[in-house]
Amino acid sequence: MTDRRTLLALPMLLAARPGRAQDGFPNRPITVVSGYAPGGVTDVTSRAVAERMSREFGVPVVVENRVGGATAVANTAVAQARPDGYSLLMGTTSLAINPGLQPSLTPREPMRELAPVGMVFRSAFVLHVHPDLPVRSTAELIAWCRANPGKLDFGSSGTGAVNHLALALFAQRANIQVTHVPYRGGAPALLDLRAGRIQAMFQAVLEALPSLAEGTTRGLAISSAGREPLLPEIPPVAEVLPGFDAVFWQGLFAPAGTPAPILARLGAALRVATEDADLRARLAQQGVALITGDAEALGGLLARETALWGRLIQDAGIRPD
C-alpha cells in the first residue's frame with residue numbers, strides 16, 4: 001500500500017522539477033534566429049555575440065538565418081517556438097516597423113508575443129549628399145528644400161526601410177517636401193547618389209565611409225542623437241532638429257512565456273558579450289556600437305519606436321511596395 005506521506009509529497013516534487021530544469025539551463029545548443037542574410041553587418045554581429053555567449057554558457061550558441069517577409073519569417077518562428085530558452089531571436093527595428101507598415105505580417109503584436117532579453121547594438125545613418133548640391137550643413141539643406149519644394153531626389157534602400165523612415169521623419173520635422181526614390185537595397189542607391197542621379201540619402205555609416213573619404217559624397221549629419229565615433233566631425237541632425245533620433249537597432253528576444261530564471265541567465269550572458277572589450281573594439285571598426293541594456297530597456301525601446309514609426313507611417317501615408 002502506498003504511503004500516504006508519499007502521496008502528499010508528490011505534488012511538491014512535481015512542482016520542483018521545472019525549477020531544477022531551469023537551474024540546469026542550458027544543457028544543449030541554443031539557436032539564435034536572424035531574419036537577415038549571411039555576411040551583412042547584422043549577421044556578423046549576431047555571430048560574434050553568439051560566439052561570446054557560447055563561451056559563457058559552455059554550450060554552442062548557433063545563428064540560423066531565416067530570410068523573408070521583411071524578417072517576419074524569423075520573427076514568427078521564434079514567437080511560435082517552445083518558450084524554453086533554446087530558440088531566440090536577434091530582433092531588429094523591423095519589429096517596431098512591421099505592425100504599422102504591414103499589419104498582416106506575424107507576429108502582429110511583438111510586444112506581447114516576444115519577451116525581451118537585452119540590447120545588442122544601435123547603428124546610426126549618415127545623411128550625405130552629392131557634392132553638386134550647394135549645401136554644407138543640415139540647416140542649409142533644409143533651407144534649399146524649402147526654396148525648391150519637391151525638387152530634391154532623396155534615395156533609400158526601399159519603402160519602409162529604416163533609412164526611408166529616417167527620411168520621412170526628417171521631412172516631417174523640417175517641414176520640407178522631397179521626392180522619395182526607393183531602391184532594392186543600399187548599394188544601388190549609393191551608385192546613383194555618387195553619379196548624381198539622386199541628391200541625398202540616409203545611409204549606414206559603414207556603407208557611406210568610402211564615398212565620404214573619396215569626396216564623391218558630402219556628409220552633412222548623423223541620424224543618432226549623439227555623434228558617431230567613426231565620423232566625429234559630423235554633427236547630429238538633432239543639433240538642428242532637437243529630439244531627432246533615427247537608428248537601426250538589434251536586440252535579443254525569446255518567446256513570450258519563457259521562465260524568468262532562464263531570461264535572467266540569457267540576459268547575464270548577453271551582458272558579458274556586449275561588455276567584452278575586444279568584441280566591442282572589433283565591431284566598432286565595422287560601424288557597430290555594442291550597447292548594454294537589459295530587458296526593460298529593450299522593451300521600452302520597442303514600445304516607443306512602435307508608436308513613433310506607426311504614427312509616422314500613418315501620417316505620411318507610407319505603404320509597402
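**A walk through the predicted model**

In this protein, residues 24 or more positions apart account for 77% of the contacts with a separation of 6 or more. The model is predicted. Its chain has 321 residues, and 49% of them are buried. Twelve helices and eleven strands make up its secondary structure elements. The C-alpha trace spans about 95 × 40 × 30 Å along its principal axes. The accessible surface of the protein is about 14700 Å², and carbon and sulfur atoms hold 54% of that area.

A starting point inside the protein is helix H3, residues 72-79. Six of its eight residues are buried, so H3 is largely enclosed by the rest of the structure. Those residues are Ala72, Ala74, Asn75, Thr76, Val78 and Ala79. They pack against several elements, including strand E1 (30-34), strand E3 (87-92), H4 and strand E10 (248-255). Helix H5 (110-113) and E4 are also among the elements they pack against.

Asn75 of H3 leads on to the largest cavity, since Asn75 is one of the residues in its lining. The structure holds one cavity of 30 Å³ or more, and about 60 Å³ of space lies in the largest cavity. Its lining also includes Ser94, Leu95, Asn98 and Pro99, together with Gln102, Leu105 and Arg108. Helix H4 (residues 94-101) gives the most to this lining, with four residues. By class, the cavity lining has five nonpolar, five polar and one charged residues.

H4 returns in the largest pocket, where it again gives the most to the lining, with four residues. The volume of the largest pocket is about 1300 Å³. It is lined by 48 residues, of which Tyr36, Ser157, Ala161, Val162 and Phe248 are the closest to its centre. Other elements that each supply at least two lining residues include helix H2 (41-57), strand E4 (114-123) and helix H7 (162-174). Strand E8 (200-204) and helix H9 (205-214) are also among them. The lining of the largest pocket divides by class into 22 nonpolar, 23 polar and three charged residues.

The second largest pocket has a volume of about 260 Å³. Of its 18 lining residues, Arg122, Arg227, Glu228, Pro229 and Ala289 are the closest to the centre. E4, helix H11 (277-284) and strand E11 (289-290) each give two or more residues to this lining. Ten of the lining residues are nonpolar, four polar and four charged.

The next topic is charged pairs. Side chains of opposite charge can pair when their charged atoms come close. The count of salt bridges comes to twelve. One of them joins Arg28 and Asp84, at 3.2 Å from N to O. Arg28 lies in the loop between helix H1 (4-23) and E1, and Asp84 in the loop between H3 and E3, so this pair ties together parts that are 56 residues apart in sequence. Arg28 is partly exposed at 38% relative accessibility, whereas Asp84 is buried at 17%.

Within helix H2, Glu51 and Arg55 are four residues apart, which means they are separated by about one helical turn. Their side chains meet in a salt bridge of 3.2 Å, N to O. Glu51 is partly exposed at 38%, and Arg55 is exposed at 53% relative accessibility.

Arg227, met above at the second largest pocket, forms a salt bridge with Glu239, with the closest N and O atoms 3.5 Å apart. Both residues lie in the loop between strand E9 (218-222) and E10, twelve residues apart. Arg227 is partly exposed at 44%, and Glu239 is exposed at 54%. Elsewhere, salt bridges that share partners join Arg52, Glu56 and Asp276 into one network.

Methods. Residues numbered from 1 in each chain as written. Predicted model: local features only at pLDDT ≥ 70, side-chain atom pairs only at ≥ 80, totals over all residues. Heavy atoms only, no water. 1 Å grid on protein atoms, 1.4 Å probe; cavity = no way out; pocket = protein on both sides within 12 Å on 5 of 7 lines; lining within 4 Å. Points joined across faces, edges and corners; volume = space filled by probe spheres on them. Nonpolar A, V, L, I, M, F, W, Y, C, P; charged D, E, K, R; others polar. Buried < 20%, exposed > 50% of the residue type's maximum accessible area, 1.4 Å probe, protein only. Contact = heavy atoms within 4.5 Å. Areas by Shrake-Rupley, 256 points an atom, 1.4 Å probe, with all protein chains shown as cover. Salt bridge = Lys/Arg side-chain N within 4 Å of Asp/Glu carboxyl O.
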